[in-house]
Each structure stands twice: as structure tokens, then as C-alpha cells.
Amino acid sequence: MRIRYKLALLFTLIVAGLLTLFSYVIYEDSSRHRDEIFLGRLENKARTTARYLIDVKEITNELLKIIDQNSLTSLDSELVLVFDPRNKLVYSSVDDRPFKYSRNLIAEVRKEKIVEYTEGVYDQIGLAFPSKIDSSKGEYVVLASAYDRFGKYKLRNLRHTLIICWVVGVGLTVLASGWLSAYFLRPVITINEKIQLITAQNLKERLSEGNGKDEIAQLASNFNQMLNRLDMSFEQQKSFVSHASHELRTPLTAMKTDIQSGLEETTLSAEEYRDILRDLFQDTQRLIGLTNGLLQLARPLDKVLKRNTLSIVDLLLDIQSHMGSAQKPNTIRFDPAIFEMKLPDVQVTGDESLLKTLLTNLMDNACKYSDGLPVYISIERKQSDCYVHVTDQGIGIAPKDQERIFGAFFRGNNAIRYTGYGIGLAVSQRIAEWHDGSISVQSELHKGSTFTLRLPLA
Ligand code: ADP
């Protein structure tokens, strides 16, 4: 069942329940009130009749009947019976109408002193009445019955009014709750319809955020933000795939050309064949380097992440000792202060192999783009973070490129003559973020660059 109908139904049931409860309480209270008033009047009547009959010698049965029948206060269909202490009927206010009662009733009245009950439409009362003049005579029993025409009419009227009010109230509630739930859920329905139109090809669509204040507007706004993020990551993925295929195609095309010329040329010397194989080997190396970089960018880091406490100094020294011949012309120079630093100032928590990849990228780049000039490494502690600065005196980075070098496949114009794929810094940035750190750069063209890695201390 739709929420809209559920809400309307629930609301209607609650209102119907409340109306029923209130109607019941009002009706029961009115009915009790009527009983009290009418039985009080009936009791007065019974006592007056009994007093006249038993204690006033001058009033005979006939006279009492005349008084009873002509009294202005007489009740509708009023009937009074009086029994003497031996249960003999000594007075009946009307002769032509029977009064239904049982012997047990008289015994019960003698025991209880006063009994109230109904017989059909009649309210009846029985009470024990001792003679004031001669109490030795024992107790008389008076039974009185009457029809409360006016009270019952009022009660019936009240019942009809309550039933009509209940039906009208519930009817109006059904309409009102249906309208209200439709009114409040309309934005949700609109959002639903709009969401169905949003596909991977149509990620630019956005939901209307309505008044921007209520929960539905918040939902729409959060959904829009999620679409923004999805759109961005779709765009990134698209450009990543197109860059990656472009980068892979270049060495593959070169390899194809080499193989073709090797196959087609029949007069090549052994040395020329070796040249072709050397080219193929270089292109294969390039392909391997590229696919390794792509793999590092694509694989989910949380699967490989191991958290160990590591010394940044040890990591840097280890990397330096394993540096290949390509970096040898550079001298990696460590700030002597590094070796004086206390262990807690250089200890971070992280994955050793990932952090090595990151630092190797920074140190490789510094060596590569500074043509054999020395590279300086220093470490600094600020509050709860550790900063590693890698400074070179190389080609530098143009200001407009400094933000972009962390994106995959971006290479500065001045870097084209150096080998590379534009992946290393993207991978490094990703690794730094996974360690709750970051990489920043300060650089001047033709003067050099300083890459700074920030990592939280362990
Ligand atoms: P690659 O070095 O393979 O091109 P990177 O992602 O490591 O890929 O670097 C991206 C780009 O950033 C480089 O192409 C270069 O333009 C610039 N860059 C990185 N490090 C340096 C540096 N130390 N000096 C000058 N430019 C740099």
C-alpha cells in the first residue's frame, strides 16, 4: 500500500477512534445523568405516596389515587404499588394497568432498602419504607414505575446527533487526510518521477529543491550533491579511460611498426634486427611501466593497506640505497637535522610499500627533472603532523600547471622531453590521502620545485 494511502488511513482511524470515544463518553454521561434525575423524581414520588398512605390517617386509598392521578408533578405512565409488612398489596395508584414484579423483588427491596432497575421502557424503583408513626408495624415496600418520555427523547436525540457528527466527522477526515497526504507527498512523487529519468547518460539532470528548508528539500539537495559526485567521477573515469587508451596505443603502434618493418624487410643485417628488438624492448618496458601505474591507480587501496608504525627516515634511506643507475648522477642530500630527530617526531602509521611508492615517485621526479643536480630532503614536525620536503633545482613547474600535475595523465609542456606517463603524482596523492595526509608543491620555472608530503604522526 502506498504511503499516501497509509497516512490517510491511519489518520482517519485515529480520528474515528477519538470521535467514537468522545461520543461514547458524552452519551454515557448524559444517560447516567438522566437516570439520576428521573430515578430521584421517582423515589420522591414513591416516598410521598407511601407517607400519605401510611402516616396520614385522613387520606384514604381512593383519595390518594385521586391526588396521585391529578398531581401536577405526576410522571408519565406513573404507577405506584405499596405492600404492607406482610407483603400484601395495600395500594395501587392505577387499576387498569398491570405492574410486573416478582415476589423475589419485594424480598430484595426489604434486604437492600432501595433497588433501582428497568423493565422494558419503564424505569422502576423499589424502596423499603418504615412507618414514622408506628415503627413496630415493620417496613412497607413501595414499588414505583414511570416512563421518562422527555429524558429518553432527549437521549435519543443526542444519540442521533452524535451518530451524524461521527459520520460527517469521519467523512471529512477521509477527504482532509487524503488531500493533506497528497499535498505533502507531492514533492516526493515529483522527485520519484524525476529520478526515474536520470540515467548514466543523463547525469546532468538535477532535482528541484523546493523551498530549500524542509526535509524533502534536504533530501533533494543531498540527492543533487550525490549526482554531482557521480557525474564528476563518471567524467573522471571517461577521461581516464580515454587517456589510458591513448597512452597504451602509442607504444603499441610503435611496436607494430617495428614488427612490420622486421617482417617486410628481407635484406636487414643482424645488427639492424637487433636495433628493432632493442626498440621493441624499450616499448615493452614503457608498456609495463604504464600498466603498473594504471594498476596502482585502479586498485582499491583499502585491500592492500597494512597499518604499521614506520620511521620516515628509515624509509627515505632505504629508498636511496635502492635507487637505480638513472638517479645516480644526482646526489640525494639529507638535511643533517634528520639524523638528530627523535623517533616520535618521524614516526607515522601506514603501509610500508605504499609509502615507499609515494616517496620514490617524489624522489625519482626530483632527480629526473633536475638533470643530475643535487636533491635535498628535509623533515619537519609541526603539531601532530610530519612534513617531508623534497627540493630540486630542476626545470620547475609553470604556475598554471601546479594544480593539474596531480591529475592522471597530465604532463607539463617542459616535461615532454623526459620519459614519463603522468601517473606517478596521481598515485602518490591518492596514497597520501589514504594515509590522511596530502602533497603540495611550490615551484618556479627554471629554478626548481619543492614537493611537500604531510602525514599525521603516529
Ligand atoms: P611523470 O613524471 O611520469 O610525467 P608524474 O605524475 O610523476 O608523471 O608527474 C606529472 C608531471 O608533473 C610531470 O610530467 C611534470 O610535468 C611535473 N613534475 C613532477 N615532478 C616534477 C619536478 N620535480 N620538477 C618539475 N616538474 C615536475
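Q: Which element supplies the largest share of the shell around the ligand?
A: Start by asking where the shell residues come from. In this predicted model, H10 gives the largest share, three residues.

Q: Which elements each supply at least two residues of that shell?
A: Look for helices and strands that contribute repeatedly. Here they are helix H10 (352-368), helix H11 (424-434) and strand S12 (448-456).

Q: How many residues surround the ligand, and which are the closest?
A: Count the shell, then pick out its closest members. The ligand has 21 residues around it. Asn365, Tyr369, Arg411, Gly412 and Leu425 are the closest.

Q: Which polar side-chain atoms lie by an oxygen atom of the ligand?
A: A polar contact is a pair of N or O atoms within 3.5 Å. Take Tyr369: a polar side-chain atom lies 2.7 Å from a ligand oxygen atom. For Lys368, a polar side-chain atom is 3.1 Å from an oxygen atom of the ligand.

Q: What does the backbone of Gly422 add?
A: Backbone atoms can be polar partners too, as Gly422 shows. A polar backbone atom of Gly422 is 3.3 Å from an oxygen atom of the ligand.

Q: How much of the ligand does the protein bury?
A: Compare the ligand alone with the ligand in place. Alone, the ligand exposes 530 Å². The protein buries 97% of that.

Q: Where does the ligand sit?
A: Now turn to the pockets. The ligand sits in the largest pocket.

Q: Where is Asp371, and what is its phi?
A: Check the sign of phi, then the residue type. Asp371 has phi near 45°, a positive value in a residue other than glycine. Asp371 is in the loop between H10 and strand S9 (375-382).

Q: Is Asp371 buried or exposed?
A: Exposed means over 50% relative accessible area. Asp371 has 52% relative accessibility, so Asp371 counts as exposed.

Q: What is phi of Gln383, and where does Gln383 lie?
A: Read Gln383 by the sign of phi as well. Phi of Gln383 is near 50°, again positive in a residue other than glycine. Gln383 lies in the loop between S9 and strand S10 (385-391). Gln383 is exposed because its relative accessible area is 73%.

Q: Is Asp231 buried or exposed?
A: Buried means under 20% relative accessible area. The value for Asp231 is 11%, so Asp231 is buried. Asp231 lies in helix H5 (residues 215-264).

Q: Which residues does Asp231 touch?
A: Set aside residues up to four places away in sequence. Asp231 then touches Leu203, Lys204 and Arg206.

Terms used. Residues are numbered from 1 along each chain as its sequence is written. This is a predicted model: local features need pLDDT of at least 70, side-chain atom pairs count only at pLDDT 80 or more; totals for chains, interfaces and linings use all residues. Side-chain values use heavy atoms; hydrogens and water are left out. Helices (H or I, at least four residues) and strands (E, at least two) are DSSP runs, numbered from the N terminus. Buried means under 20% relative accessible area, exposed over 50%, partly exposed in between (1.4 Å probe, protein chains only). Contact means heavy atoms within 4.5 Å. A residue is near a molecule or strand if one of its heavy atoms lies within 4 Å of it. A polar contact is a pair of N or O atoms within 3.5 Å; within protein, one must be able to donate a hydrogen and the other to accept it, and residues adjacent in sequence count only if both atoms are side-chain atoms. Accessible areas come from the Shrake-Rupley method with a 1.4 Å probe; for residues, only the protein chains shown count as cover. On a 1 Å grid over the protein atoms alone, a cavity is a set of points where a 1.4 Å probe fits but cannot get out, and a pocket is an open set with protein on both sides within 12 Å along at least five of seven lines; lining residues have an atom within 4 Å of a point. A molecule sits in a cavity or pocket if more than half of its atoms lie within 2 Å of its grid points.
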